[in-house]
Amino acid sequence: MVEPEDYVAVTEFVKNDPEFKMDFLIDVTAIDYDDHFDLVTQLRSLQIGHKIFLCVQLKKDFSIPEEKRATSLLASVPTVSHLYPAAEFKEREVYDMFGINFEGHPDQRRIFLDKDFVGFPLRKDFTHPEMIRRPV
């Protein structure tokens, strides 16, 4: 677990430290919980052969009015795309599907969905008129 304010520093440390040598970004993804997101970054050292998962808990912004919350960016974290160029696309996917803002990202825009798509489909609060609900 990494604090949001330490995320970039820890990521840079494990990339450059000779004990870790995390030279390959495997994935950046998120998990939606009721009150927060977990941002999970998976790194690998190709030289040493080990993996590490960095998990950043991002509190949701509940100051946004409830009627606007499902279509608003609810959390923010600094980008690591300057450390790992592949993070640029992975972070865009997380932005597109979860609505998490990556501060300092060079090209934060939707990557899979149309630019006028409303909402973030992998969030728990996402609804759409054509969605078919599964029986519980």
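Which backbone oxygen does the side chain of arginine 123 reach at 2.7 Å? In this predicted model, the acceptor is the backbone oxygen of arginine 69.

## Arginine 123 and its surroundings

Arginine 123 is placed in the segment after strand E5, which covers residues 100-103. With a relative accessibility of 4%, arginine 123 counts as buried, because buried denotes a relative accessible area under 20%.

Setting aside residues up to four places away in sequence, arginine 123 touches Asp32 and Phe37. Its contacts also include Arg69, Ala70, Thr71, Ser72 and Leu74, together with Met97, Phe98 and Gly99. Met97 and Phe98 are among the buried residues of helix H3, and glycine 99, just after H3, takes a positive phi of about 75 degrees.

## The antiparallel sheet

An open sheet is formed by 3 strands in the order E1-E2-E3, with antiparallel pairing. Its edge strands are E1 (24-32) and E3 (51-59), each of which pairs on one side only. From one strand to the next, the twist averages 15 degrees.

Strands of a sheet pair through backbone hydrogen bonds, in either a parallel or an antiparallel sense. Between E1 and strand E2 (residues 36-44), the antiparallel pairing extends over 8 bridges. One residue pair can be named: aspartate 27 has glutamine 42, in E2, as its bridge partner.

## Helix H3

Helix H3 (residues 87-98) packs on the sheet and touches E1 and E2. The direction of H3 makes about 10 degrees with that of E1. The 12 residues of H3 should span 16 Å at 1.5 Å a residue, and the end C-alpha atoms are 16 Å apart, so the expected and computed spans agree.

The buried residues of H3 are Ala87, Glu91, Arg92, Val94, Tyr95, Asp96, Met97 and Phe98. They pack against E1, E2 and E5. In general, an α-helix has 3.6 residues a turn, so residues three or four places apart point the same way.

## The β-α-β unit

E4, H3 and E5 make a right-handed β-α-β unit. Strand E4 (residues 75-78) pairs with E5 in the parallel sense over 4 bridges, and the bridge partner of valine 77 is phenylalanine 102 in E5.

The side chains of E5 alternate along the strand. Ile100 and Phe102 point to one face and are buried, whereas Asn101 and Glu103 point to the other and are not.

## Two loop residues

Is alanine 86, in the loop between E4 and H3, buried or partly exposed? Its relative accessible area is 40%, and therefore alanine 86 is partly exposed, since that class lies between the 20% and 50% limits. Although alanine 86 and isoleucine 26 are 60 residues apart along the chain, their C-alpha atoms are separated by 8.5 Å.

Lysine 60 lies in the loop between E3 and helix H2 (66-69). Its relative accessible area is 13%, so lysine 60 is buried. Not counting residues up to four places away in sequence, lysine 60 touches Asp32, Tyr33, Asp34, Asp35, His36, Phe37 and Leu74. Among these, Asp32, Phe37 and Leu74 also appear in the contacts of arginine 123.

Technical notes:
Residues are numbered from 1 along each chain as its sequence is written. This is a predicted model: local features need pLDDT of at least 70, side-chain atom pairs count only at pLDDT 80 or more; totals for chains, interfaces and linings use all residues. Side-chain values use heavy atoms; hydrogens and water are left out. Two strands pair if DSSP finds at least two bridges between them. Axes are lines fitted to C-alpha atoms, for helices over the stretch in contact, and angles run from 0 to 180 degrees between N-to-C directions. Contact means heavy atoms within 4.5 Å. Buried means under 20% relative accessible area, exposed over 50%, partly exposed in between (1.4 Å probe, protein chains only). A polar contact is a pair of N or O atoms within 3.5 Å; within protein, one must be able to donate a hydrogen and the other to accept it, and residues adjacent in sequence count only if both atoms are side-chain atoms. The expected span of a helix is 1.5 Å times one less than its number of residues. A crossover is right-handed if, with the strands pointing away from the viewer, the path from the first strand over the helix to the second runs clockwise.
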